[in-house]
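Hello,

Here is the structure I promised to pass on to you. Please open it next to this email, and then read on for what I found in it.

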Amino acid sequence: MRYYYSADEIREAEAPLLASLPDGALMRRAAYGLATSIAGELGTVSGRCVCAVVGSGDNGGDALWAATYLRRRGARATAILLNPEKAHPKALAAFTRAGGRIVQKLPLSTDLVIDGVVGISGSGPLRPNAAAVFDAVQAAGVPVVAVDMPSGVDVHTGAADGPHVTPAVTVTFGGLKPVHALRDCGRVELIDIGLDLPASAMVGFEADDVAARWPVPGPHDDKYTQGVTGVMAGSETYPGAAILCTGAAVAATSGMVRYAGTAAAEVVSHWPEVIATPGHASAGRVQAWVVGPGLGTDETAAAALCFALESDVPVIVDADGLTILAAHPELVAGRSAPTVLTPHAGEYARLAGSAPGEDRVGATRRLADQLGVTVLLKGNVTVIAEPHGTAYLNVAGQSWAATAGSGDVLSGIVGALLASGLPPGEAAAAAAFVHARAADMAARDPGPAPVPTSASRILAHLRTALGSML
C-alpha cells in the first residue's frame, strides 16, 4: 500500500525529530539520501558535473548539502543561487568549503541538475529567474533530479499553472505526497529519514493489495456464494456496451452473471455462461447491480435504474445511468447499500454542476460527501473517494484505457467485486488497478512497444492481468 501525506502531516511528523536531533542533522540525513540517489543516477560520480539550482529555505539547503557530498566524492559541483541573500547559510558554507563554485548560469559541461528551488511549502509557478534557468536546462537536454517535488507544481493537487520543472527523478523524504501520484514526477524515490507516520486517508493500491482482496473461491464455495452480478446495460442501439460490461463481469469472477436487457441474444452469443433475460423483472436474485453503459436515457432505462437503486444490494452506476441520475440525484439519497458512481470529467460536471478542475481529489471527495456514495473519477490518475472517508489514487502510467467502451469493461469489474462482498472503495480501487494493467498489456501485445488498443482487447487481457497478480 502506498500512503500519501499532506505537507502539514509531514511537518507534524518532522517536529519531534527536529526537537531531538542536533541542529541541521535531519537536513543532512535527507541530503545524504538525495546524494546517494543522484550518484546512482550518474553511475560514476568522480569527474561528473552537477549543478544545484538553489532557492531559499530548506529545499535549497537539501540541494546544497547533496552537492557538497557529491563534491567530496569527486564530482565537480556548481550552484546557481536564485536568491543569494536567503540561501541556507550552513549548507552554503559547507558547499563552498568543499570546493563548490557559485555560477550565474548553467555550465556547458553539466551532467545533471538538482532542482532545489521550492519544496512542499511552496506554491505557484516558477518565478521568471528560475524559469529562465530551467528553460536553459531543457534546451541543453540535461536531466533533472527534483528535491522532494518538482518546483512550480502544487504539492496537493499536482496542478501547474505556469512554468514548472519536469524531472527525470524525484527524490522525496519521509513519505509520499499527493503530487507524486497526480503529476509526472519521473521516477520517484522515497528516502526514509526516520519519520513516524501513521496510515493516511489517501492511499494507492499495489499488486499485492489487489491480490489480497480479490475474491478467490475456497473449497466450500459454489457459484452463488462467490457473488451473483447483475448487469443492466446496452440496448438495441448499443449492444456492444452490454457485451463488454457483461464479459468483464464474467472474467472478473468465478460466480454467476445475470444479464437483463434488450441485448440478451447478443450477450449470450458472446458469453453463453451468462443467464440472460429481457428485463429486470425476470432477472432473479443478484448480489450487486451494474447499471448504465449503453442503456439509453428513456423511461425504460430510468425504470431499470430506479429498480436497481431501490434494491438492497450494492449498485454501480455508469454512463447513461449517470445522465439520468444527474437529473434525479434523490434516487441515491438514503440508500443503505453501497453505491458507486464512475464518471468521467464531463459526467462529473453534470452530477456536480461544475467541472472537477485542477483539484481532482478534492472534487471527488466533495461529490462523494454530497451524495453519500463512492465516486470513481476516471482519468490517467483515477481518483476514488468514499463519503467522509478514504481516497484512493490509481496511477495508470499511460492512457491506453482512454478508448471507447473501456469504461464499460471497468464497470463490469467493479460490479463483480461488489457482488463478492468487497467494500465499495476497495472494489473500485482494485478494479481500476486491474483495468489499467489489462490496458497496458493489451497495448503491448504482441510486442514490448505499445500500440493502439481497444476495449475488446482490454477485456481479452483481463484474466492475464489478474493472473500476473494472483
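**Two helices that cross**

Helices α8 and α14 cross in a right-handed way. Please keep in mind that this is a predicted model. To find the pair, look for residues 239-252 for α8 and residues 406-419 for α14. Their axes come within 7 Å and cross at roughly 40°. An angle of that size makes α8 oblique to α14, because it falls neither under 35 degrees nor in the range of 65 to 115.

You can see who meets whom by showing the side chains. From α8 come Ala241, Leu244, Cys245, Ala248, Ala249 and Ala252, and on the α14 side they meet Asp408, Val409, Ser411, Gly412, Ile413 and Ala416. The residues of this contact of α8 with α14 divide into nine nonpolar, two polar and one charged.

**α11 and its two partners**

Next, please turn to helix α11, residues 320-327. One partner is helix α12, residues 345-352. These two pack at an angle of about 20°, with their axes 8 Å apart. That makes α11 roughly parallel to α12, since angles under 35 degrees count as such. The crossing of α11 past α12 is left-handed.

In this contact, α11 brings Leu322, Thr323, Leu325 and Ala326, while α12 brings Glu347, Arg350 and Leu351. Sorted by type, the residues of the contact are four nonpolar, one polar and two charged.

The other partner to look at is helix α10, residues 299-309. The axes of α10 and α11 come within 10 Å and cross at roughly 80°. So α10 is roughly perpendicular to α11, as 65 to 115 degrees is the range for that word. Here Ala301, Ala302, Leu305 and Leu309 of α10 meet Gly321, Ile324 and Leu325 of α11. This time the split is six nonpolar, one polar and no charged. Leu325 is worth clicking on: it meets α12, and it also meets α10.

**Some backbone surprises**

A bit of background helps here. Most residues other than glycine have a negative phi, and most peptide bonds are trans.

Now look at Ala319, in the loop between β14 (315-317) and α11. Ala319 has a phi near 55°, which is positive although the residue is not glycine. Ala319 counts as buried, because its relative accessibility is 16% and the cut-off is under 20%.

Asp148 has a positive phi too, near 75°, and is likewise a residue other than glycine. You will find Asp148 in the loop between β6 (144-147) and β7 (169-173). With a relative accessible area of 10%, Asp148 is buried.

For the peptide bond, go to the step from Asp445 to Pro446: that bond is cis, with omega near 25°. Pro446 sits in the loop between α15 (424-443) and α16 (455-460).

**Three residues to visit**

Is Asp161 buried or exposed? Asp161 is exposed, with a relative accessible area of 66%. The loop between β6 and β7 holds Asp161. From Asp161 to Pro125 there are 36 residues in sequence, and their C-alpha atoms are 6.2 Å apart in space. Leaving out residues up to four places away in sequence, Asp161 touches Gly124 and Pro125.

Thr68 belongs to helix α3, residues 58-72. Its relative accessibility is 0%, so Thr68 counts as buried. A polar atom of the Thr68 side chain lies 2.7 Å from the backbone oxygen of Leu64. Not counting residues up to four places away in sequence, Thr68 touches Ala91, Ala94, Phe95 and Ala98.

Last on the tour is Pro356, in the loop between α12 and α13 (360-371). Pro356 counts as buried at 12% relative accessibility. Which residues is Pro356 in contact with, leaving aside its neighbours within four places in sequence? They are Ala345, Tyr348, Ala363 and Leu377. From Pro356 to Gly162, the C-alpha atoms are 19 Å apart, and the two residues are 194 apart in sequence.

Enjoy exploring, and write back with any questions.

Best wishes

How values were computed:
Residues are numbered from 1 along each chain as its sequence is written. This is a predicted model: local features need pLDDT of at least 70, side-chain atom pairs count only at pLDDT 80 or more; totals for chains, interfaces and linings use all residues. Side-chain values use heavy atoms; hydrogens and water are left out. Axes are lines fitted to C-alpha atoms, for helices over the stretch in contact, and angles run from 0 to 180 degrees between N-to-C directions. Helices (H or I, at least four residues) and strands (E, at least two) are DSSP runs, numbered from the N terminus. Angles under 35 degrees count as roughly parallel, over 145 as roughly antiparallel, 65 to 115 as roughly perpendicular and the rest as oblique. A crossing is left-handed if the near helix is turned anticlockwise from the far one by less than a right angle, and right-handed if clockwise. Contact means heavy atoms within 4.5 Å. Ala, Val, Leu, Ile, Met, Phe, Trp, Tyr, Cys and Pro count as nonpolar, Asp, Glu, Lys and Arg as charged, and the others, Gly among them, as polar. Buried means under 20% relative accessible area, exposed over 50%, partly exposed in between (1.4 Å probe, protein chains only). A polar contact is a pair of N or O atoms within 3.5 Å; within protein, one must be able to donate a hydrogen and the other to accept it, and residues adjacent in sequence count only if both atoms are side-chain atoms.
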